[in-house]
Each structure stands twice: as structure tokens, then as C-alpha cells.
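Here are my notes on this one, in the order I'd walk through them. Have the chain open while you read.

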Amino acid sequence: MSGDGGARRTVAFIGLGHMGGPMAANLAGAGHRVRGHDLVPEALAAAARAGVEPAGSAAGAVADADTVITMLPAGRHVLDLYDTLLPAARPGTLFVDCSTIDVADARTAHERAVAAGMRALDAPVSGGVVGAEAGTLTFMAGGGEAEFAGAGPLLDVMGGKAVHCGGPGAGQAAKICNNMILGVSMIAVSEAFVLGERLGLSHQALFDVASTASGQCWALSVNCPVPGPVPTSPANRDYRPGFAAALMAKDLGLAANAVKAGGVQAELGLRAAELYAEYAERVGAAEDFSGIVRTIREQGGECA
Ligand code: NAD
């Protein structure tokens, strides 16, 4: 433990799913007292096996906590739950929401927490389930300096890096801007591979050139959408995630909302959101988002 001298904290952790389960387990493993709650009994039981104290209700979990961490599917879950949690928590409790939610919802959650006498931070993550299990997540935080510092010892346990991005909602803003780059670049890389196929260019040749030239990006050099050039990429295991198409569609939907609300000219971001929404409608969480290369290949027309 670090930051505040390694003090043992009492943490309420609500939402013990794919991400929250291992995050809570890592906090318990580091010696913090973690009281967990989830609506799904199996999730609660799995967390209990990993050292989390199961709480029968969300309000019961937060009653004597100094920090409340939420890891929930969407903004409406966070806002609904805050209605229950805020009256049950002690004044001054630090609320850290790690879910990926709308920037506007994050700001509303922050305002409600502060109005109830609490402290608040939005701290969405990247790194996926693998990062959650390994404790190597990257946190993107929005809120005050003091709140960021207060969460630091816990973020250090669950992640390898935490960036303070600015005031309330700035963490969510960083997350959706990053994932808009990722969604657009995965489509661009996939289109280039399919074009290369039509032009008689091998996947390896295009990879060898682009990965060391100006086309280089994470979507190409780490999560390469065609099998072969990067043996660890999901394309080599029939597109098992990885980062599920449904999650990319969700994040691009949040980005598209923000683009429209802000009157931003972001044609590629909006188009990427449409393409991923269609693709995720078919494959859901079963495929990695790089599998969109197959849709691009299949939907292509005949040679002119
Ligand atoms: P998940 O569906 O596996 O987990 C969410 C959990 O919240 C579920 O177990 C659900 O039962 C619980 N829950 C919902 N409402 C509740 C309530 N009122 N009280 C108690 N528990 C409640 O989802 P996940 O994959 O763990 O993702 C969680 C968040 O992290 C999402 O916002 C997601 O966008 C984000 N995220 C996920 C990944 C990933 O790779 N899975 C990566 C980065 C960010």
C-alpha cells in the first residue's frame, strides 16, 4: 500500500461482475477491509471466496465505509444506486465510480454526492478483465486533487497507472475520447487489410510496413485484426475477446452522445458508432471488436 502510509481502509464495493469482482478481490488481498454487494448471488459468492465480506444490501455495505467504489453497467445504474447509497453513507465518504458512463451522468453523480456531504471522483478504467485480475488497470480520474489523492492508495492496488484528467467528468471524457480513437483506428486498419487482400498484398507484408511506418497504431500492432502477424491478438483465437464488440459499441455510443451534445464535427466517430452498433447487434459480447474486419470483408462488393 502507498500514498497514505498504507492505512487499512474500509471499502464498500458495489458491482462485482467481470471487472468489479477481481478489482475487489485485489483490494481485499492487499489487506483492506472490503464489503461487497451485487444483485447476482453467484458474483457475491465468488467475491466472498476471494476475501470480500458479502453484504446483504448496497446500503448495508456502505454504512461504515470510508470509500465507496461502484463498478456498474451504465449511468442509470449509478444514479439509481446513489439515491440509495448517499443517505446510508457517513458524511465525507469518498465515492469513486469506476463504471464507464455518460459524461453528463458522471457530473450529475458528482453533484448529488457533494450535495449529500460526500466527496466524489469518476475513475473509469482501461485494461479489461485481464488488467482487472492482474491489478494493472489504467484509471482516468475526474474530480478534485484531494479526492484523487485520497483514492490513490486504492487505485495503486487495482491498477498500474492513474491519470488525473481534470474536474468532475474529466475521467469519463478521457475514456470516451480514447475509445473513439480506438474504434475509428480499428475500422481504418481493418479496411486497409481488406483493401490489401484485393490488391494481392499479404497480411504480413502490410503489417511489416505499416507497423514500422506512419500507419502504426495499437489497433494494428497489438490487436491486429487478421491472424498471423501478432500471435497474441484475438484474431488468432477466432476473435474471442479481448475487448468485446458490445463494450466498444457502448463506449462509441457514449462518445456519439457527447459529440452531438457538444456540436462537434466528428463524422468518423459517429460513423464508427453506427458500424459498431450494427456489428454488436449481431455478435454481442461473444466477439472481440477487431472481428469487425470480417463484416467489412463480407460486405464488400465485386471488383469494378
Ligand atoms: P458486468 O455486467 O460483468 O458487471 C456489472 C455488475 O453490476 C453485475 O454483476 C451486476 O449484477 C451488478 N449490478 C448492476 N446493478 C446493480 C445494483 N443496483 N446493485 C448491485 N450490483 C449491481 O460488467 P463489467 O464487464 O464488469 O463492466 C463494468 C463496467 O466497467 C461497465 O461500465 C463497463 O463499460 C466498464 N468496463 C468494462 C471493461 C471490460 O472489459 N469488461 C473494460 C473497461 C471498462
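The points below cover the annotated domain, one helix, the aromatic pairs and one residue early in the chain.

1. Keep in mind that this is a predicted model. An unreviewed UniProt entry lists residues 10-166 as "domain: 6-phosphogluconate dehydrogenase NADP-binding". Over that stretch the chain is 46% helix and 26% strand, with its end C-alpha atoms 26 Å apart.

2. Helix H8 covers residues 170-198, and its length checks out: at 1.5 Å a residue, 29 residues should span 42 Å, and the end C-alpha atoms are indeed 42 Å apart. Just after H8, Gly200 has a positive phi of about 80°.

3. The structure has 4 aromatic pairs. In one of them, Tyr82 and Phe95 have ring centres 5.2 Å apart and planes at 70°, so they sit edge-to-face. Tyr82 belongs to helix H4 and Phe95 to strand S5, 13 residues apart. Both count as buried: Tyr82 is at 3% relative accessibility, and Phe95 is at 0%.

4. Phe243 and Phe289 also pair edge-to-face, with centres 5.6 Å apart and planes at 75°. Phe243 is in the loop between H10 and H11, while Phe289 is in the loop between H12 and H13, so this pair ties together parts 46 residues apart in sequence. Phe243 is partly exposed at 21%, whereas Phe289 is buried at 0%. Ring pairs join these two with Tyr276 and Tyr279 in a cluster.

5. Back at the start, Ala7 sits in the segment before strand S1 and is partly exposed, at 36% relative accessibility. Its C-alpha is 9.3 Å from that of Gly31, 24 residues away in sequence.

Conventions. Residues are numbered from 1 along each chain as its sequence is written. This is a predicted model: local features need pLDDT of at least 70, side-chain atom pairs count only at pLDDT 80 or more; totals for chains, interfaces and linings use all residues. Side-chain values use heavy atoms; hydrogens and water are left out. Helices (H or I, at least four residues) and strands (E, at least two) are DSSP runs, numbered from the N terminus. The expected span of a helix is 1.5 Å times one less than its number of residues. Buried means under 20% relative accessible area, exposed over 50%, partly exposed in between (1.4 Å probe, protein chains only). UniProt positions are given in the numbering used here, feature names are shortened, and annotations may be inferred rather than shown by experiment. Rings of Phe, Tyr and Trp (its six-membered ring) pair if their centres lie within 6.5 Å; planes under 30 degrees apart count as stacked, over 60 as edge-to-face and the rest as tilted.
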